[in-house]
Amino acid sequence: MDDCIFCRIVDKQIPSRIVYEDDSILAFHDIDPKAPVHVLVIPKQHIPSINEVTQENSQVIAHIFATMPKIAQQLGIKDSGYRVVVNCGKDAGQAVNHLHYHVLGGRSLTWPPG
Ligand code: AMP
Ligand code: ZN
């Protein structure tokens with residue numbers, strides 16, 4: 001997916017501040033953070049959005065959640081708490097069409113987000 005910015009980050013064609021990487025997922029700091037800690041966790045495989053998650057490709061989703069506590073620990077927000085957000089489609093304001101989980105923390109987070 002040459003035209004996908006997150007695929008290009010996975011391929012290291014675009015620099016990012018990586019906080020975690022393994023064979024199937026990557027976590028890196030959001031370029032425009034909305035909280036003191038704002039990291040994006042993505043599958044390396046190009047899945048455009050939640051709408052394209054299937055039984056066949058969902059193992060990586062479980063792996064993302066199983067790894068998130070480790071990433072949160074590394075970022076120092078595991079015990080203070082954090083919010084995980086996924087935008088899907090136009091009305092949610094999904095800007096990058098490569099599935100990604102926003103992990104936000106480092107301050108008290110109000111709801112709805114401002
Ligand atoms: P969403 O609106 O859910 O699609 O979120 C896309 C997120 O990607 C936004 O929070 C952007 O700030 C972030 N973003 C876009 N380009 C980059 C990049 N090159 N490196 C890191 N984060 C990015
Ligand atoms: Zn992609």
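Reader: How many aromatic pairs does a search of the whole structure find?

Author: The model is a predicted one, and a search of the whole structure finds two aromatic pairs. One of them is formed by Phe6 and Phe28.

Reader: Why is the pair of Phe6 and Phe28 called edge-to-face?

Author: A pair of aromatic rings is described by the distance of the centres and the angle of the planes. For Phe6 and Phe28 the centres are 5.4 Å apart, and rings pair if their centres lie within 6.5 Å. The planes stand at 80°, and an angle over 60 degrees counts as edge-to-face. The pair of Phe6 and Phe28 is therefore edge-to-face.

Reader: What makes this pair a tie between parts of the chain that are apart in sequence?

Author: Phe6 belongs to helix H1 and Phe28 to strand S2, so the pair ties together parts 22 residues apart in sequence.

Reader: What makes the approach of ligand 1 to the side chain of Asn87 a polar contact?

Author: An oxygen atom of ligand 1 is 2.8 Å from an N or O atom in the side chain of Asn87. The cut-off for such a pair is 3.5 Å, so the approach to Asn87 counts as a polar contact. By the same cut-off, two further approaches qualify: an oxygen atom of ligand 1 is 2.9 Å from an N or O atom in the His100 side chain, and a nitrogen atom of ligand 1 is 3.1 Å from a polar backbone atom of Ile31.

Reader: How much of the area that ligand 1 exposes when taken alone does the protein bury?

Author: Taken alone, ligand 1 exposes 510 Å², and the protein buries 84% of that. Ligand 1 sits in the largest pocket.

Reader: Which elements give two or more residues to the shell around ligand 1?

Author: They are helix H1 (5-10) and strand S2 (25-29). H1 gives the most, with three residues. Of the 17 residues around ligand 1, the nearest are Asp30, Asn87, Ala95, His100 and His102. The shell divides into eight nonpolar, six polar and three charged residues.

Reader: How do you know that the peptide bond between Trp111 and Pro112 is cis?

Author: Omega of the bond joining Trp111 and Pro112 is about 0°, and the bond is cis. Pro112 lies in the segment after strand S5 (101-105).

Reader: What is notable about phi of Lys12?

Author: Most residues other than glycine have a negative phi. Phi of Lys12, however, is near 65°, a positive value. Lys12 lies in the loop between H1 and strand S1 (18-21).

Definitions and conventions: Residues numbered from 1 in each chain as written. Chains lettered and ligands numbered in written order. Predicted model: local features only at pLDDT ≥ 70, side-chain atom pairs only at ≥ 80, totals over all residues. Heavy atoms only, no water. Near = heavy atom within 4 Å. Polar contact = N/O pair within 3.5 Å; in protein donor to acceptor, adjacent residues only side chain to side chain. Areas by Shrake-Rupley, 256 points an atom, 1.4 Å probe, with all protein chains shown as cover. 1 Å grid on protein atoms, 1.4 Å probe; cavity = no way out; pocket = protein on both sides within 12 Å on 5 of 7 lines; lining within 4 Å. Sits in = over half its atoms within 2 Å of the grid points. Helix = DSSP H or I, 4+ residues; strand = E, 2+ residues; numbered from the N terminus. Nonpolar A, V, L, I, M, F, W, Y, C, P; charged D, E, K, R; others polar. Phe/Tyr/Trp six-rings, centres within 6.5 Å; stacked < 30°, edge-to-face > 60°.
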